[in-house]
Amino acid sequence: MSHLQSLLLDTLLGTKHVDSAALIKLQERSLCVASPGFSVMPSDVRRLMNGFAKNPLQARREGLYFKEKDYKCVRADEYSLYAKNENTGVIVVKTHLYLLVATYTEGMYPSVCVEATEKLGDYLRKKGS
């Protein structure tokens, strides 16, 4: 298991409030590592990248389409996208080299998912990733 994958599993899935997680390389626009059973298709990668390319107001207005679901965008800025669909959601944090993607499902606390994902994003930024 790679260092990045163990980071995902320990710091995100270890909270029990992150259902799945992935790191996407910004430069290559490709999946770097993901939690077991979580795949991010190239079309989803493109949509996530486009979410950051738009201005935040437009992203909030249009929402986010990810893994064949429409999500209402509840936060959008230059480093973070938070989106929800009923009791599920997706949190995307941008670092220098990666998009960090985390999802939560019904019964999980979105705030814990957000906090863990943002903290890992901060850690990666400080490491220059």
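Me: Where in the chain is Lys16 found, if I want to place it between named elements?

Reply: Lys16 is found in the loop between helix H1 (3-12) and strand S1, and please keep in mind from the start that this is a predicted model. Lys16 also has a positive phi of about 70°, although it is not a glycine.

Me: Is Lys16 buried or exposed, and how would I decide?

Reply: The general idea is to compare the relative accessible area with two cut-offs, since a residue is called buried under 20% and exposed over 50%, with partly exposed in between. Lys16 stands at 63% relative accessibility, and therefore it counts as exposed.

Me: Which phi does Glu68 have, and where does Glu68 lie?

Reply: Glu68 has a positive phi of about 60°, and it is not a glycine either. Its place is the loop between S3 and S4, and because its relative accessible area is 70%, Glu68 is exposed.

Me: How do I read the order of the elements along the whole protein?

Reply: You start at the N terminus and write down each helix as α and each strand as β, which here gives α-β-β-α-α-β-β-β-β-β-α. Taken together, the secondary structure comes to four helices and seven strands.

Me: Why can the protein be said to agree with a compact globule?

Reply: One compares the radius of gyration with the value expected for the chain length: with 129 residues, a compact globule would have a radius near 14 Å, and the protein has 13 Å, so the two agree. The C-alpha atoms fill a box of roughly 40 × 35 × 25 Å along the principal axes, and 47% of the 129 residues count as buried.

Me: Which residues of the largest nonpolar core touch the most other members?

Reply: A nonpolar core is a set of buried nonpolar residues joined through side-chain atoms within 4.5 Å. The largest such core here has 22 residues, and those touching the most other members are Leu48, Phe66, Val90, Val92 and Leu99. Among the elements that give two or more residues to this core are strand S1 (20-25), helix H2 (42-53) and strand S5 (80-85), and the largest share, four residues, comes from H2. There is also a second, separate core of 21 residues, which includes Ala21, Val33, Val93 and Tyr98.

Me: Which residues is Leu48 in contact with, once its neighbours within four places in sequence are left aside?

Reply: Leu48 is in contact with Ile24, Leu64, Phe66, Leu81, Val92, Leu99 and Val101. For the protein as a whole, residues 24 or more positions apart account for 48% of the contacts with a separation of 6 or more.

Me: What does Leu97 touch, beyond residues up to four places away in sequence?

Reply: Leu97, in the loop between strand S6 (88-94) and strand S7 (98-104), touches Ile24, Lys25, Leu26, Gly128 and Ser129. The C-alpha atoms of Leu97 and Leu124 are separated by 8.7 Å, although their positions lie 27 residues apart along the chain as a count of places apart. With a relative accessible area of 44%, Leu97 is partly exposed.

Me: How far apart in space are Glu62 and Gly51?

Reply: Glu62, which lies in helix H3 (residues 56-62), is 9.4 Å from Gly51, C-alpha to C-alpha, and 11 residues from it in sequence. Because its relative accessible area is 48%, Glu62 is partly exposed.

Conventions:
Residues numbered from 1 in each chain as written. Predicted model: local features only at pLDDT ≥ 70, side-chain atom pairs only at ≥ 80, totals over all residues. Heavy atoms only, no water. Rg over C-alpha atoms; globule rule 2.2 N^0.38 Å. Buried < 20%, exposed > 50% of the residue type's maximum accessible area, 1.4 Å probe, protein only. Contact = heavy atoms within 4.5 Å.
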